[in-house]
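Visitor: I am new to this structure and would like a close look at one part of it, with some background on the whole.

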Amino acid sequence: MNILGINLTEKIKESLLENLDGDFSFENSYNNIGDYIENTKYNLIVMDIDGLEEIDRTKTVIKEIYDNQNKAIIVTLGERATLNLIAWAIQLGIYDYLLKPIEEDEVIKIVEKALKDQKLKAEKLKKKETPKGTVIGNSPKMVEVYKKIGKVATNKIPVLISGEKGNGKKAVAKSIHRFSCLKEKPFVSVNCTAYQKEFLDRKLFGYEKGNIFESQVEQIGILEKGYGGSIHLGNIESLDLTLQAKLLGVLQEGAFFRVGGSKLIKTDIRIIATTSVNLEELIMNGNFIEELYHRLRILEIEIPPLRERKDDIPLMIHHFIKRFNEEFSKGVKGVSTPAMKKIMRYDWPGNVRELKSAVKSAMVLSRGKSILVEDLPSNIIGNKTTKRRGDVQDWILSDWVEGEIQMLQGSNQKDYYGNIISRVERELIRQVLEVANGKKVEAAETLGITRNTLRTKMNNYNLD
């Protein structure tokens, strides 16, 4: 093992020599450091930066060392506790920044921990090809799901997809369409919880020019836009009884009227409905039409929760790491064995959505090639003693905000409110525009803001 010490005190040098085995090189200044870092590859570099006075000069030297020795563990000592320097160094890839004064044995403890972490090779994740589409898993239960997707591939019967929140029901709906005889036809998706009753009615069925709300144009609904293809209705339980009855009419007659219209419009679509509630209980309470339930449930695909198919987790993590490496320009290779044990012991009440959020958060915090235990959200590690309360989506949001705050703590940005709210607002506007197919009038109405306000926000967020 090659070890380089730069600008270290004699006591620290002696401590390194006594406690570590390897070939040592010590340099007392940074003046000729290029000769060392360009000609020899080091496993460990311990450097005291107090000889570098200007912060820009300090950054330049640290970056030069890191660029030439990016496979080495680099531990930095210094007296300057500035967010600008420390956060930057950690973000760059420095293993740790130790604030002086610090005892020699503490330096050794950190160095030994760093060497131990380096030996924790990322657990090799299964490299099997991810199934086409966005549904991921190779457990026996997911194989049964794939079989059912195959069984409906050659026909256009309605499908009901059920399962807990966050377990990928929409992804299954997309896969059904992609593998079906309708794959060349449109796939149109609408989340029934995203709209008020009146607007959802117009969204589904469209409306005529000069109808009851005096529109100057006609609007084609998704039942027309999806002609010949598949219509995905997410959270079907959110439809009120009136809209349920109209949807039942579409399934029975293959035709419908636009809102305010008198012309019967023929349609040819497959309905794929998804739900996370027990529709039979809604029927018993008079909140769901039984005949609609049976027509939607000609074939039901139940997606098992993640806790019942944990064998799929490594494959999913491999998929998410690859995706977030591209998004964050990172080079994470996998998950350390101790971290994977924590992940596999956790029950994942938020299912795939929670796992995706946890991997994303861990990759933001990760400093090396592996996700370590300390990079994982605290509830997965087991540090949180309080029980989760409220909706699953509420505490997934809570964890996301926590991750954003942690990331902002490691940067120069102090406007936490502005940074986090702007990210939420931008994503909200982007998704609503996507649902509205880019139509600003419709998007503004859905958001509850004026067209001018929407236009201004789109310009601010470069969403044009």
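Visitor: How much area does the protein expose, and what percentage of it do carbon and sulfur atoms supply? After that, please look closely at K169.

Guide: This is a predicted model, in which local features need pLDDT (the predictor's confidence in each residue, from 0 to 100) of at least 70 and side-chain atom pairs count only at 80 or more, while totals for chains, interfaces and linings use all residues. Residues are numbered from 1 along each chain as its sequence is written, and side-chain values use heavy atoms, leaving out hydrogens and water.

The protein exposes about 24,600 Å², with carbon and sulfur atoms supplying 49% of it; the areas come from the Shrake-Rupley method with a 1.4 Å probe. Of its 464 residues, 45% count as buried, meaning under 20% relative accessible area. There are 20 helices and 15 strands, taken as DSSP runs (H or I, at least four residues; E, at least two). Mean pLDDT is 84, and 89% of residues reach 70 or more. Over residues 128–133, however, pLDDT is below 50.

K169 belongs to helix α7, residues 169–178. Although buried, K169 has no salt bridge (a side-chain nitrogen of Lys or Arg within 4 Å of a carboxyl oxygen of Asp or Glu). The nearest side chain of opposite charge, E237, is 8.0 Å away; Lys and Arg count as positive, Asp and Glu as negative, and His and the chain ends are not counted. A polar atom of the K169 side chain does lie 3.3 Å from the backbone oxygen of G163. Leaving aside residues up to four places away in sequence, K169 touches (heavy atoms within 4.5 Å) several residues, including G163, E164, T274 and I303.

Notes:
Buried < 20%, exposed > 50% of the residue type's maximum accessible area, 1.4 Å probe, protein only. Polar contact = N/O pair within 3.5 Å; in protein donor to acceptor, adjacent residues only side chain to side chain.
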